[in-house]
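Reader: I am new to this structure and would like to learn how to read its features one at a time. Could you take me through them slowly?

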Amino acid sequence: SEILFFAAGLAIASFVAVTFNDLQVSIANTTTGDQMASVSNLILTSVIKSMTENATIRLRIPDMVSNEVYTISFERHAGGTCSIGNCVLRLRTLESGIITTQELFNISQSHIMTGSVYSSARYIEIRSNRSTITVERG
């Protein structure tokens, strides 16, 4: 009977460890997604401010979210180079592959959006001229 109690205790301990690990991963992914959404909102706000003719905005961004470097890019909904009317702001972590996508609504209807930059740059520049908005390393 002692072996049975030991086996039951081991099963309970294993269940608790696995459940805790799953919970920890879920919370980490949620936190990373929330941090990336905040950075995305900051960038989108700067894009809107830069839409005046020939504007450049230099922006300091976090170099990491949840201890991961991430990329910032303008892409089509399905990936690839933007075209007028088909563009989103996409942030992607390099290690875990978590992606945050934000619609650009009417901005991409009138402007060609280009550029991609790694967060390790710490500073990005958002440049706007009459019909193009570019994100690049600052």
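Reader: Let me begin with a single side chain: does Glu 125 count as buried or exposed, and what is its relative accessibility?

Author: Please keep in mind throughout that this is a predicted model. Glu 125 counts as buried, because its relative accessibility is 14% and the cut-off for buried is under 20%.

Reader: Which side chain does Glu 125 meet in a salt bridge?

Author: The general idea is that side chains of opposite charge can pair when their charged atoms come close. In this structure, Glu 125 meets the side chain of Arg 127, with 2.5 Å from N to O. Arg 127 also forms a salt bridge with Glu 136, again with an N to O distance of 2.5 Å. As for exposure, Arg 127 counts as partly exposed at 36% relative accessibility, and Glu 136 counts as partly exposed at 27%.

Reader: How many salt bridges does a search of the whole structure find, and which residues are linked in a network?

Author: The search of the whole structure finds five salt bridges, and a network of them links Glu 75, Arg 90 and Arg 92. Within that network, the closest N and O atoms of Arg 92 and Glu 75 are 3.7 Å apart. This pair links distant parts of the chain, since Arg 92 belongs to strand S3 (residues 88–93) and Glu 75 to strand S2 (residues 70–75), 17 residues apart. Glu 75 counts as buried at 13% relative accessibility, whereas Arg 92 is partly exposed, with a relative accessible area of 28%.

Reader: In what order do the strands of the open sheet stand?

Author: Strands of a sheet pair through backbone hydrogen bonds, either parallel or antiparallel. Here four strands form an open sheet in the order S4-S3-S2-S6, and their pairing is antiparallel. Strand S4 (99–103) and strand S6 (116–118) stand at the edges with a single partner strand each, so one side of each has no neighbour in the sheet. If direction is ignored, neighbouring strands of this sheet are turned by 15° against each other on average.

Reader: How many bridges does the pairing of S3 and S4 have, and what lies across these strands?

Author: S3 and S4 pair over five bridges in the antiparallel sense, and one position to look for is Leu 89, whose bridge partner in S4 is Gln 102. Helix H1 (residues 2–49) lies across S2, S3 and S4, and runs at about 145° to S3.

Reader: Which strands are joined to S8 by bridges, and in which sense do they run?

Author: Strand S5 (residues 112–114) runs parallel to strand S8 (residues 132–137) and is joined to it by three bridges, with Met 113 having Ile 133 as its bridge partner in S8. Strand S7 (residues 123–128), by contrast, runs antiparallel to S8 and is joined to it by five bridges, among them the one between Ile 126 and its partner Val 135. S7 and S8 form a hairpin, with three residues between them.

Reader: Finally, how many aromatic pairs does the structure hold, and which residue lies over the face of Tyr 123?

Author: The structure holds zero aromatic pairs. Over the face of Tyr 123, however, lies Arg 58, at 4.3 Å from the ring centre.

How values were computed: Residues are numbered from 1 along each chain as its sequence is written. This is a predicted model: local features need pLDDT of at least 70, side-chain atom pairs count only at pLDDT 80 or more; totals for chains, interfaces and linings use all residues. Side-chain values use heavy atoms; hydrogens and water are left out. Rings of Phe, Tyr and Trp (its six-membered ring) pair if their centres lie within 6.5 Å; planes under 30 degrees apart count as stacked, over 60 as edge-to-face and the rest as tilted. A charge sits over a ring if NZ of Lys or CZ of Arg is within 6 Å of the ring centre and within 35 degrees of the ring normal. Two strands pair if DSSP finds at least two bridges between them. Helices (H or I, at least four residues) and strands (E, at least two) are DSSP runs, numbered from the N terminus. A salt bridge is a side-chain nitrogen of Lys or Arg within 4 Å of a carboxyl oxygen of Asp or Glu. Buried means under 20% relative accessible area, exposed over 50%, partly exposed in between (1.4 Å probe, protein chains only). Axes are lines fitted to C-alpha atoms, for helices over the stretch in contact, and angles run from 0 to 180 degrees between N-to-C directions. Contact means heavy atoms within 4.5 Å.
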